[in-house]
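This report walks through a structure for someone who has not met it before. It begins with one strand, then widens to domains, chains and unusual backbone spots.

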Amino acid sequence: MTQHITRRRFVQSTAAAATALGLSHWRLAEAQDDPLYQAAKKEGKLSLYWGSYEQKTAEEFRDAFKAKYPGIEVALLRQASQTVYNKLRLELQNNVAECDSLGTTNILHFIELKAAGALQPYVPQGADVLPSSLQKLDGDGMYHVGAVSLTSINFQPAKVKQPPASWKSLLDDEWAGKITIGSPTASGDVASWVVAMRAKYGDDFLRGLARQRPKIGQSNVDTVTDILSGERVVGAAAPFSYTLAQKSAGNPIDVVAPADDLILNLGVMGIPKNAPHPNAAKLYHNFLYSREASQILSKNFWPTLRSDVPWAEGRTLEKLKWYRNPPANLAAEVAEGIVKWKEIMR
Amino acid sequence: MTATAGVPQAVLSAAPGTAPGERLRQLHLSKVLVVGVVLVALLLLVLYPFGWVVYNSLHEDTTQAWSLSNYLNLFADKDLYLPMLNSVLLATAVGIVSVLLGVPAAWLVGRTDMPGRRTVRTLTLAAFVTPSFVGATAWILLGAPNSGWLNHAWRWVAGAEQPLFNIYSMAGTVFVSAIYTVPFTFTIVGSALDSMAVELEDAATTLGSGTWHTMSHVTLPLVMPAILAGFILSFIQGITLFGVPAFLLAPGGTQVVTTRLAELYQQFPPQLYLAAAYCMPLLLLTAALFLLRRRVLGRRRFTVISGKGRAGRTVPLKGWRWPAFAAAMFVPVTAILLPYTALLIVSLSKAWGRGPSLDNLTLDWYAKVLVGNVETRTAVINSFTYAIAGATLCVALGVVVAYLVERRSVKFTSLYASLATMPMVIPGIVLSVGFFAAFTRPPFKLYGTSWILIAAFCAAFLPIAFAQCSALLKGISPDLERVARSLGASEVHTFRAITAPLMRSGLVAAWLLVFIPIIRELSVAVFLITPKTNVMTTLIYNAKDGGDYEALCAMSVLLILSTLVLIAIAQLVGSRPRRSTLSTEARR
């Protein structure tokens, strides 16, 4: 009762609120006409297994989606990429249908699922607005880009006047004992980086890095921790977006885009063949390619998924120099990279 | 079958002088029922999921075919067997250190007039709730060689160039693991001391023995079963810990079993079956430890509660009261006060990298965590619900199994004992896969429900409940029960009326020792949760994983505060009225 009155008063009191309400009604009306939304609403639920994006961004997506498409209950399971993937694998082996949308940072997961016939094809609306280099990840439309992750060098600006300008310059004498890095055995992004470095410079790069006696943590996020605590001052294979987010929060940290390329790793998403709510999943994938979702990404310092929404601070994929490991033979490259890493770095 | 076959014999031997026919008829439908339920519970909760772990270990990951290759690999691959040796080294050290820290502290708290006994007890027990990755994170802040605050302070005070210590080392790992493992030895030995009759010590004193002599020749030997139980649990904890070695040992390039296991799950394609095989040598080793324990204890008796009354007398420390307090505060200071100060400072910062200062101060993280969103609240409620249900079921099962085993009421007691002990040695992540396989398929189909989590938690921590209850029962003389039995009480009734009340404070401690690890457990749940049945630690871990340190620290501080409150309540329930209950029960 009271709630009713407050709401009415609120609406009557300010013109701005009325406009906002009108706008959301209009949006709602637009959404109502969407047959996919109608079908999704009939399903009523959506179960997300996501490892791409940290908890905060994942939750903002979920909340925006719920606001835009009322009537669909969204359950988000955010765990590490390999964990959600292992979980889905176990579910498939045991004939459990629980997951509607899988998003992980490892394309190999999707190559394996596709080979097993466990994915269903769907090309999300807005796939044509993706940066051209990221379109048509899979010829059969079984999986698509869900996130773009960039690996860079980060550093403590108060303690480092001239940060290393390239991966190669990390091997200079002045950085001995000052570098922190994650481990390819624990982090997919670090594993991609190792593959890229071996492709560019061979195992000599790893040998040079080992001579620098870097502090080896687990996740690539640990580089930020070590820099903020003051344990080390330069991070190799460091997360680009997360470092920028920490910088904007007021922490003394910054990033360098190495002259010999940022390493780009794709987060991938797909819909399992046995998804209990496939329409809701399709609607969610469409939503991730919407302007709204890219604005959320931009706000959280992630690369956007649309070429018409600029990243935070005006960056775009076109303006940056980046390198992506070719997916052919990637599984073997990663395995070999890890073996070499263990051999050389330990 | 086994159970019912064991019953008549037990009854006949336990109640001599009564007509067997009469006894048998009364018999104890209730006992058959209890034994039956326990047996079924053990088979379902332990043997069945463990069967799946074994089944998995005998399959090849890539081909899914039957194979022994996983086992052959274990001893052929240096990358697999070296971590096992490191794990054994780490676990042994953790076991020894936590006995050395926990036993004296338990004695000081339980047996002397040291000041601040309740504070030491509460804080030591609370150390237990710290998830190991949180403890490791806090100790990185304190003890990292360049940036650690304690090392900063040392350089400032001593004017030294070199750090005081380096937490990224085997010694650092043992230290941090041990201070968070001490609650095992402290609580188990503490319970044994609590329920021990002082007249034995008094007798020694009367005969001219000094305090130290009495302690080493009377008190210590009497609590030996508890010390060994505490050591074994600490050893197992040292083997199964993941967070501390992952953050403190891996940077130096040293691998242990759990960090290797994580790699097997991380890599593509994952090697879940190899991971299952990887636990088996550890399981055998722990089994060997238990056999060793039985040989050490032999058939000696450790009765400390008898039918005669007891008084709660304490040893006066005189001038040593405050030095003793300082020593007993070692674990509370290193496991709670120092690390949680560090966590508190971070949690109150807008951006922790800027260091503590007034303009960097905020309560936002607490507001965010407390207000949270629907999912956070669900996860918190789930965690507490599962922990309460899991701990209650677990202790109920643990105490009955311990009773059957200790009083030899059934045949094949070692079978019961091994079943109740096995789960703890299996690292959580492997157990998680075993439970998934066991309870997802028909006829159970529990996946997605709360029951699969409660069952897994109950099984995972059954060894703690069992160990604690066995240690308690070893100390209670069967004479009291025999009296009741000879007066015609059934075994079940005797247990309810005599044994259980005598165990009361120990049972509350057992409940806490299970409740707390469930609250902080991450890996057992990892494959069993669904969005609806998510637990708090997933969110805490995500905060760590996403580098959201301020939120991580705020959650950890809130977690420890709520645990302290809970321990305080539990101590009111358990420990206060116990003494009077004990003496009246014992005198009845």
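How many of the 11 residues of strand S10 (residues 262–272) of chain A are buried? The count is 11 of 11, so the strand is mostly covered, given that a residue with 20 or more other C-beta atoms within 10 Å of its own is buried. The model in which this strand sits is a predicted one.

**Strand S10 and its partners**

S10(A) pairs with several other strands of chain A. The table lists these pairings, with one bridged residue pair for each.

| Partner of S10(A) | Bridges | Sense | A bridged pair |
|---|---|---|---|
| strand S3 (residues 101–104) of chain A | 3 bridges | antiparallel | Gly103(A) and Met269(A) |
| strand S4 (residues 119–120) of chain A | 2 bridges | antiparallel | Leu119(A) and Pro272(A) |
| strand S5 (residues 143–155) of chain A | 8 bridges | antiparallel | Ala147(A) and Gly267(A) |
| strand S11 (residues 322–323) of chain A | 2 bridges | parallel | Ile263(A) and Tyr323(A) |

**Domains of chain A**

Chain A is assigned two domains, each made of two segments: domain 1 covers 29–147 + 267–312, and domain 2 covers 149–264 + 322–345. Their centres, taken over C-alpha atoms, are 28 Å apart. Where the domains touch, domain 1 of chain A contributes 12 residues and domain 2 of chain A contributes 11 residues. On the side belonging to domain 1 of chain A, 7 residues are nonpolar, 5 are polar and none is charged.

Confidence in chain A has a mean pLDDT of 89, and 91% of its residues reach 70 or more. Residues 1–18 of chain A, however, have a pLDDT below 50, and this stretch makes 4 contacts in the model beyond near neighbours in sequence. Where pLDDT is low, the predicted coordinates should not be read in detail.

**Chain B**

Chain B holds 30 helices and 0 strands. Of its 588 residues, 54% are buried. Among contacts in chain B with a separation of 6 or more, 81% are between residues 24 or more positions apart.

The domain assignment of chain B gives domain 1 (33–60 + 364–588) and domain 2 (77–302). The centres of domain 1 of chain B and domain 2 of chain B, again over C-alpha atoms, are separated by 20 Å. The contact involves 45 residues of domain 1 of chain B and 41 residues of domain 2 of chain B. Several helices each supply at least two residues of the domain 1 side, among them helix H3 (29–57), helix H21 (413–421) and helix H24 (462–474) of chain B. H27(B) gives the largest share of that side, 8 residues. By type, the domain 1 side divides into 26 nonpolar, 15 polar and 4 charged residues.

Helix H21(B) can be followed further. Its buried residues include Tyr416(B), Ala417(B), Leu419(B), Ala420(B) and Thr421(B). The buried residues of H21(B) pack against H3, H16, helix H20 (374–406) and H24 of chain B.

**Where the two chains meet**

The contact between the chains takes 45 residues from chain A and 41 residues from chain B. Elements giving two or more residues to the chain A side include helix H4 (55–68), strand S2 (73–78), helix H5 (81–93) and helix H13 (330–345) of chain A. That side divides into 18 nonpolar, 17 polar and 10 charged residues.

**Unusual backbone spots**

Most residues other than glycine have a negative phi, and most peptide bonds are trans. Two residues of chain A and two peptide bonds of chain B are worth noting against this background.

Arg213(A), which is not a glycine, has a positive phi of about 50°. Arg213(A) lies in the loop between helix H8 (203–211) and strand S7 (215–216) of chain A. Is Arg213(A) buried or exposed? Arg213(A) is exposed, because 11 other C-beta atoms lie within 10 Å.

Ala237(A) also is not a glycine and has a positive phi of about 50°, but Ala237(A) is found in strand S8 (residues 234–239) of chain A. Ala237(A) counts as buried because it has 30 C-beta neighbours inside 10 Å.

In chain B, the peptide bond from Phe268(B) to Pro269(B) is cis, with omega near -15°. Pro269(B) is placed in the loop between helix H15 (257–266) and helix H16 (272–297) of chain B. The bond from Pro442(B) to Pro443(B) is cis as well, with omega near 5°. Pro443(B) is in the loop between helix H22 (428–440) and helix H23 (450–460) of chain B.

Notes:
Residues numbered from 1 in each chain as written. Chains lettered and ligands numbered in written order. Predicted model: local features only at pLDDT ≥ 70, side-chain atom pairs only at ≥ 80, totals over all residues. Domains from an automatic or database assignment. Contact = placed C-beta atoms within 7 Å. Nonpolar A, V, L, I, M, F, W, Y, C, P; charged D, E, K, R; others polar. Helix = DSSP H or I, 4+ residues; strand = E, 2+ residues; numbered from the N terminus. Buried ≥ 20, exposed ≤ 12 C-beta atoms within 10 Å, placed from the backbone. pLDDT = per-residue confidence, 0-100. Pairing = 2+ DSSP bridges.
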